[in-house]
Amino acid sequence: MPEVTFQTLQPWALLPAKPRVERAESRAERDTYRESFRYLRVPRLPADCPPWVLGQELGWSVRSPLTLTMKPLDDVGLAVPDSENPHQVGRRLGGQGMWQRGKDWIATGNTAWLHLGDYRTQGGNWEGMFLPNGHGTVEWRLGWAATIPTGTFLMVMPPPDDPPIGLTVPLGVIPAKAVNAMTARGGMSIAVQPHQDVTVHRGQEVARIVLLHPDSLRTTSHQTPTEPRTVTPDDPEPDGAGATPSTDSADAAQSTASGPEVHR
């Protein structure tokens with residue numbers, strides 16, 4: 001059976017947790033209604049629906065390691081010539097913060113909250129938990145690493161229930177090679193995008209990760225159209241089709257249409 005291993009890299013990290021549906025608690029509520037109330041009932045219990053339970057317990061919950069308020073980012077990608085100072089370029093653009101991502105830079109305002117997650121590494125240096133990622137998204141470093149079987153994939157998705165209002169988690173699929181290599185680069189990170197001021201709390205589920213078999217990405221599909229039925233002269237007429245109403249039926253219909261006959 002495939003096995004996924006999670007490893008703590010920072011003391012503040014919260015490892016992914018396996019979600020579980022509390023069936024006993026839900027059934028106790030249902031039984032209480034049935035035994036104690038005259039009318040109120042729980043007619044269909046979600047915990048007794050296998051598809052719903054499997055969906056709720058899918059994968060692992062990714063939880064926020066701290067409590068803070070995120071704010072939307074208005075960012076722009078820039079190229080900074082070698083002869084110019086990136087931070088001077090940032091000030092020239094309105095005092096925006098500058099982050100280098102690859103060969104280019106991302107300039108963004110409203111950056112104060114990004115530094116609230118700065119943490120001390122094992123070497124004593126300060127690292128940023130949040131890094132602008134472009135297009136309003138933020139790379140969120142989580143302080144833990146994952147090891148998944150070779151050839152598999154890790155899907156990052158929004159939580160199925162009660163996601164933080166105003167925070168989007170883009171759907172993404174990461175191959176095992178990239179996931180396992182993150183251990184040496186500071187651990188797992190996900191992309192998030194705040195669309196409004198949104199407060200997340202330590203321990204709150206912010207995303208869900210799911211292990212995918214390679215067949216999930218390689219599988220193809222095809223559609224089989226329904227062949228139209230060919231009608232031949234020898235086919236029997238459907239019941240009532242083409243039938244001529246009897247005289248009695250016609251007279252009855254006419255009488256009904258003109259109203260009941262009055263006898264004196």
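# Reading strands, burial and a pocket

User: I'd like to start with one pair of residues. Which residue of β17 is the bridge partner of W60?

Analyst: The bridge partner of W60 in β17 is I209. Before we go on, note that this is a predicted model, in which local features need pLDDT of at least 70 and side-chain atom pairs count only at pLDDT 80 or more, while totals for chains, interfaces and linings use all residues. Residues are numbered from 1 along each chain as its sequence is written, and side-chain values use heavy atoms, leaving out hydrogens and water.

User: Thanks! How do I read strand names and pairing?

Analyst: Helices (H or I, at least four residues) and strands (E, at least two) are DSSP runs, numbered from the N terminus. Two strands pair if DSSP finds at least two bridges between them. In this chain there are six helices and 17 strands. β2 and β17 run antiparallel and are joined by four bridges.

User: Which strands form an open sheet with β17, and in what order?

Analyst: The order is β2-β17-β12-β14, with antiparallel pairing. At the edges sit β2 (60-63) and β14 (172-175), each pairing on one side only. From one strand to the next, the twist averages 30°; such angles run from 0 to 180 degrees between N-to-C directions, with axes fitted as lines to C-alpha atoms. Inside the sheet, β12 pairs with β17 over five bridges, and β12 (residues 153-157) pairs with β14 over four. M155 is a handy landmark: its bridge partner is V210 in β17 and V173 in β14.

User: How do I tell whether β17 is buried or exposed?

Analyst: Buried means under 20% relative accessible area, exposed means over 50%, and partly exposed lies in between (1.4 Å probe, protein chains only). Seven of the eight residues of β17 are buried, so β17 is largely enclosed by the rest of the structure. Across the chain, buried residues make up 34% of the 264 residues.

User: Could you show me one buried residue and its surroundings?

Analyst: Try V200, in strand β16 (residues 198-200). V200 has a relative accessible area of 0%. For its surroundings we use contacts, meaning heavy atoms within 4.5 Å. Not counting residues up to four places away in sequence, V200 touches several residues, including L66, L68, W140, L167 and V206. V200 and L68 are 132 residues apart in sequence, yet 5.8 Å apart in space, C-alpha to C-alpha.

User: What does a hairpin look like here?

Analyst: Look at β5 (residues 97-101) and β6 (residues 104-108), antiparallel strands joined by five bridges. They form a hairpin with two residues between them, and G102 in the turn has a positive phi of about 75°. Q100 of this hairpin stands opposite W105 in β6.

User: And how are pockets found?

Analyst: Rolling a probe the size of a water molecule over the atoms shows where empty space is left. A pocket is an open set of points on a 1 Å grid over the protein atoms alone, where a 1.4 Å probe fits, with protein on both sides within 12 Å along at least five of seven lines; lining residues have an atom within 4 Å of a point. The largest pocket holds about 200 Å³ of space. It has 15 lining residues, and the closest to its centre are R20, V21, W52, Q56 and D161. α2 (50-56) and β17 (205-212) each supply at least two residues of the lining.

Terms used: Points joined across faces, edges and corners; volume = space filled by probe spheres on them.
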